[in-house]
Amino acid sequence: MTNRQSDSRIWELDLLRGTAILLMVLFHIIFDLNEFFQVPIPYAEGPVFYIGKAAASLFIFVAGISCSLSRNNVKRGVKLIGLGLLITLVTSLVVPGSNIIFGILHFLGTAVLLYDFFKRLRPGILLILGTAVIWAGSCFQQITMPNSLLAPLGLLGPDFYSVDYYPLVPWLGLFLYGVAVGKMIYKEKKSLFPAFPLRQNLINTLGRHSLSIYLLHQPVILLLLSLIYRSFPFKMNA
């Protein structure tokens, strides 16, 4: 999510972001069909669940890489957290009960702000630290706290609920993997495949505008599904 001009962007990172966008849109179409139109397609387990996690994982991994390419991570981090809080507010007003507590934007903003604490570490140390954070996440799942004040760290109370939740533990581990990869293969801040013939394509275009698409895609999906439902109500409930 950098502001570089298209001729200097690392196109393969846009390709990964664009792929994440497509996976995310597919997941949210199925999520909305289930939640708002009672179409019995499971999304909390099975292939659809992993599609959603694959999208988030790509976003987080690429965000880690991008931190070494950005000129102002503080500005990016604050912007992402602000947008995340705005989505939390709007969602709570439009769909009461649909809590978003430390969702993907909250996480990404916080991780980007934490980048300064890790940017001087060697890639090997980052990989070890990232693995430790991911391992800690599996340990935290076995702990039940009396409340959810430490939810951003992955420590939850018994009544915690959020429709979008990406705590620092374990997901910061994947972010640190991205930071390590950025240090190892993007030292020159240039594409690894600058002469690739298909580097300008639709998926890359989506990747260049990933944040805007993320902010707008859910209202658009719900609007289109509502129009389809009104035209073909029996099919939607099949």
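This passage describes helices, a pocket and selected residues of a predicted model.

Helix α5 covers residues 123–140, and its geometry can be compared with that of an ideal helix. At 1.5 Å a residue, its 18 residues should span 26 Å, and the C-alpha atoms at its two ends are 25 Å apart, which agrees with that expectation. The buried residues of this helix are L126, G130, V133, A136 and G137. When α5 is viewed down its axis, these buried residues fall within an arc of 120 degrees, so they line one face of the helix. I128 and W135, on the other side of α5, are exposed. The packing partners of the buried residues of α5 are α4, which comprises residues 104–118, and α6, which comprises residues 168–185.

The contact between α5 and α6 can be followed through two individual residues. L126 is located in helix α5, and at 0% relative accessibility it counts as buried, because residues under 20% are placed in that class. With neighbours within four places in sequence set aside, L126 is in contact with F118, L121, L176, V179, A180 and K183. The C-alpha atom of L126 is separated by 14 Å from that of A111, the two residues being 15 residues apart along the chain. A180, in turn, belongs to helix α6, and it also counts as buried, with a relative accessibility of 0%. Its contacts, again without the neighbours within four places in sequence, are with P123, L126 and L127. Between A180 and L129, which lie 51 residues apart along the chain, the C-alpha separation is 10 Å. Helix α6 also contains P170, and the peptide bond that joins V169 and P170 is cis, with omega at about 20 degrees.

Helix α2 was examined in the corresponding way. Its 22 residues should span 32 Å at 1.5 Å a residue, and its end C-alpha atoms are 32 Å apart, in agreement with the expected value. The residues of α2 that are buried are V48, G52, A55, A56, F59, I60, V62, A63, G64, I65, S66 and C67. The elements that cover these buried residues include α1, α3, α4, α6 and α8. A spatial relation that involves one of the buried residues of α2, A55, is its C-alpha separation of 9.7 Å from L26, a residue 29 residues away along the chain. L26 is found in helix α1 and has a relative accessible area of 37%, which means that it is partly exposed, since this class lies between the 20% limit for buried residues and the 50% limit for exposed ones.

The largest pocket of the model contains about 1,500 Å³ of space. Its lining is made up of 50 residues, of which H28, I100, V163, D164 and Y165 are the closest to the centre of the pocket. Two or more lining residues are given by each of α1 (11–37), α2 (46–67), α3 (73–94), α5, α6 and α8 (210–231). The greatest contribution to the lining comes from α1, which gives 8 residues. Sorted by class, the lining consists of 35 nonpolar, 11 polar and 4 charged residues. Helices α2 and α5, described above with respect to their buried residues, are thus also among the elements that contribute to the lining of this pocket.

Two loop residues are noted for their backbone geometry. Q38, in the loop between α1 and α2, has a phi near 55 degrees, which is a positive value in a residue other than glycine. F102, in the loop between α3 and α4, likewise has a positive phi near 55 degrees and is also a residue other than glycine. As to accessibility, Q38 has a relative accessible area of 54% and is exposed, because this value is over 50%, whereas F102 has a relative accessibility of 12% and counts as buried, because this value is under 20%.

Conventions: Residues numbered from 1 in each chain as written. Predicted model: local features only at pLDDT ≥ 70, side-chain atom pairs only at ≥ 80, totals over all residues. Heavy atoms only, no water. Helix = DSSP H or I, 4+ residues; strand = E, 2+ residues; numbered from the N terminus. Expected span 1.5 Å × (residues − 1). Buried < 20%, exposed > 50% of the residue type's maximum accessible area, 1.4 Å probe, protein only. Arc of directions from axis to C-beta. Contact = heavy atoms within 4.5 Å. 1 Å grid on protein atoms, 1.4 Å probe; cavity = no way out; pocket = protein on both sides within 12 Å on 5 of 7 lines; lining within 4 Å. Points joined across faces, edges and corners; volume = space filled by probe spheres on them. Nonpolar A, V, L, I, M, F, W, Y, C, P; charged D, E, K, R; others polar.
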